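Student: Hey, got a minute to go through a structure with me? I'd like to start with the strands.

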Amino acid sequence: MLASELIRDAILRHKARDIPIAVSMANVAASGGYWVSTPADRIFAEPETITGSIGIFAVIPTFEETAAMAGVTSDGVRTTPLSGQPDLIAGFTPETDAILQAFIEDGYEDFLDRVGEARSLTREQADAVGQGRVWDGGTARQLRLVDEYGGIEEALAWTAERAELGSDWHVLYLGEAPSTYDTLLRQWLIGDGEEAGSGGDVIARMTQSRSAFVARIAADADRLLGTRGVQAYCLACPAPQPAATQDRAATGWLARIVQLVFG
């Protein structure tokens, strides 16, 4: 949601300069894709385009049941219900669950406000076509979520005409191709390199904290299993880097845990 809002703000800065904004939804533009479309002067979609999905959800994995299967439990003393949250092993406290749920519901109301303002819909009308449901482009046009059938060429032609460019114009594509990652599981559990340390909303910060904790477990397991004989470590000291690279520790943590549990 935060990333979508940042993109929307960037679009609005251009719109404030009286630059016409058109959106081509191509084959899929749902949820965050529709959020960033709300500032558009014209939305183009094909009849089979997947769009809509006006809704918000969040996923933060916890492993209390998996840990219990391996005989791992947790204990401690908390000064507040939010102390030590998010807890990877014990799960979330009811207070943490309530905060996350309130964050999601507040974000959904923001989504409805943006859709209602952009598409001239009341809050009730926006909610009626929202609630996370997905529509094909044809239905979305009937529901006033899409203005016109077409793709990128039609969107470019409309924008050029709106900007009164005549026939003397060309297309300049901005941005870079997104990076590829090893697996979706690695993105969830370890992070995405440099971007993993960046700021974010409350759910993103909880996820980053949890990812850092998993990485620490992986590094500790790699260090313990990579050395034979008696070992002694200072628990209060900063953890030293294992002989293996951080990438190896990150990608091999599942194998290390299996080795620890099952020998």
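Tutor: Sure. Let's start with Ala29, which stands opposite Thr51 in strand 4. Keep in mind that this is a predicted model.

Student: OK, so how many bridges join strand 2 to strand 4?

Tutor: Three bridges join them, and the two strands run parallel. Strand 2 covers residues 28-30, and strand 4 covers residues 50-52.

Student: And what's the order of the strands in that sheet?

Tutor: The order is 2-4-5, in an open sheet of three strands with mixed pairing. Strand 2 and strand 5 (134-136) are the edge strands, each pairing on one side only. From one strand to the next, the twist averages 35 degrees.

Student: Where does strand 3 go, then?

Tutor: Strand 3 belongs to an open sheet of three strands in the order 1-3-6, where the pairing is parallel. Strand 1 and strand 6 (148-149) are at the edges with a single partner strand each, so one side of each has no neighbour in the sheet.

Student: What holds strand 3 and strand 6 as a pair?

Tutor: They pair in the parallel sense over two bridges. As a residue to look for, Ala45 stands opposite Tyr149 in strand 6.

Student: New topic: pockets. How much space is in the second largest one?

Tutor: About 880 Å³. There are 27 residues lining the second largest pocket, and the closest to its centre are Ala22, Ile152, Leu156, Val171 and Leu172.

Student: Which helix gives the largest share of that lining?

Tutor: Helix 7 does, with five residues. Helix 1 (2-15), strand 1 (22-24), strand 2 (28-30) and helix 7 (152-162) each supply at least two residues of the lining.

Student: How many of the lining residues are nonpolar, polar or charged?

Tutor: The lining has 22 nonpolar residues, five polar ones and no charged ones.

Student: Can we stay on helix 7? Is Thr159 buried or partly exposed?

Tutor: Thr159, which is found in helix 7, is partly exposed because its relative accessible area is 21%, and buried means under 20%.

Student: That's a narrow call! How far apart are Thr159 and Ile21?

Tutor: That depends on how you count. They are 138 residues apart in sequence, but 6.9 Å apart in space, C-alpha to C-alpha.

Student: Now the core. Which residues touch the most other members of the largest nonpolar core?

Tutor: Met25, Tyr34, Ile43, Ile54, Val115 and Leu145 do, out of 21 residues in that core. Helix 2 (32-35), strand 3 (42-45) and helix 4 (94-119) each supply at least two residues of the core. Helix 4 gives the most, with four residues.

Student: What's the general idea behind nonpolar side chains being buried together?

Tutor: It's a tendency: in soluble globular proteins, nonpolar side chains tend to be buried together.

Student: Last thing. Which residues other than glycine have a positive phi?

Tutor: I can give you two, including Ala26, with phi near 50 degrees. Ala26 sits in the loop between strand 1 and strand 2. Ser120 is another, with phi near 55 degrees, and its place is the loop between helix 4 and helix 5 (123-128).

Student: Why does Ser120 count as exposed?

Tutor: Because its relative accessibility is 58%, and exposed means over 50%. Ala26 counts as partly exposed, at 43%.

Terms used:
Residues are numbered from 1 along each chain as its sequence is written. This is a predicted model: local features need pLDDT of at least 70, side-chain atom pairs count only at pLDDT 80 or more; totals for chains, interfaces and linings use all residues. Side-chain values use heavy atoms; hydrogens and water are left out. On a 1 Å grid over the protein atoms alone, a cavity is a set of points where a 1.4 Å probe fits but cannot get out, and a pocket is an open set with protein on both sides within 12 Å along at least five of seven lines; lining residues have an atom within 4 Å of a point. Grid points are joined across faces, edges and corners, and a volume is the space filled by probe spheres set on the points. Ala, Val, Leu, Ile, Met, Phe, Trp, Tyr, Cys and Pro count as nonpolar, Asp, Glu, Lys and Arg as charged, and the others, Gly among them, as polar. Two strands pair if DSSP finds at least two bridges between them. Axes are lines fitted to C-alpha atoms, for helices over the stretch in contact, and angles run from 0 to 180 degrees between N-to-C directions. A nonpolar core is a set of buried Ala, Val, Leu, Ile, Met, Phe, Trp, Tyr and Cys residues joined through side-chain atoms within 4.5 Å. Buried means under 20% relative accessible area, exposed over 50%, partly exposed in between (1.4 Å probe, protein chains only).
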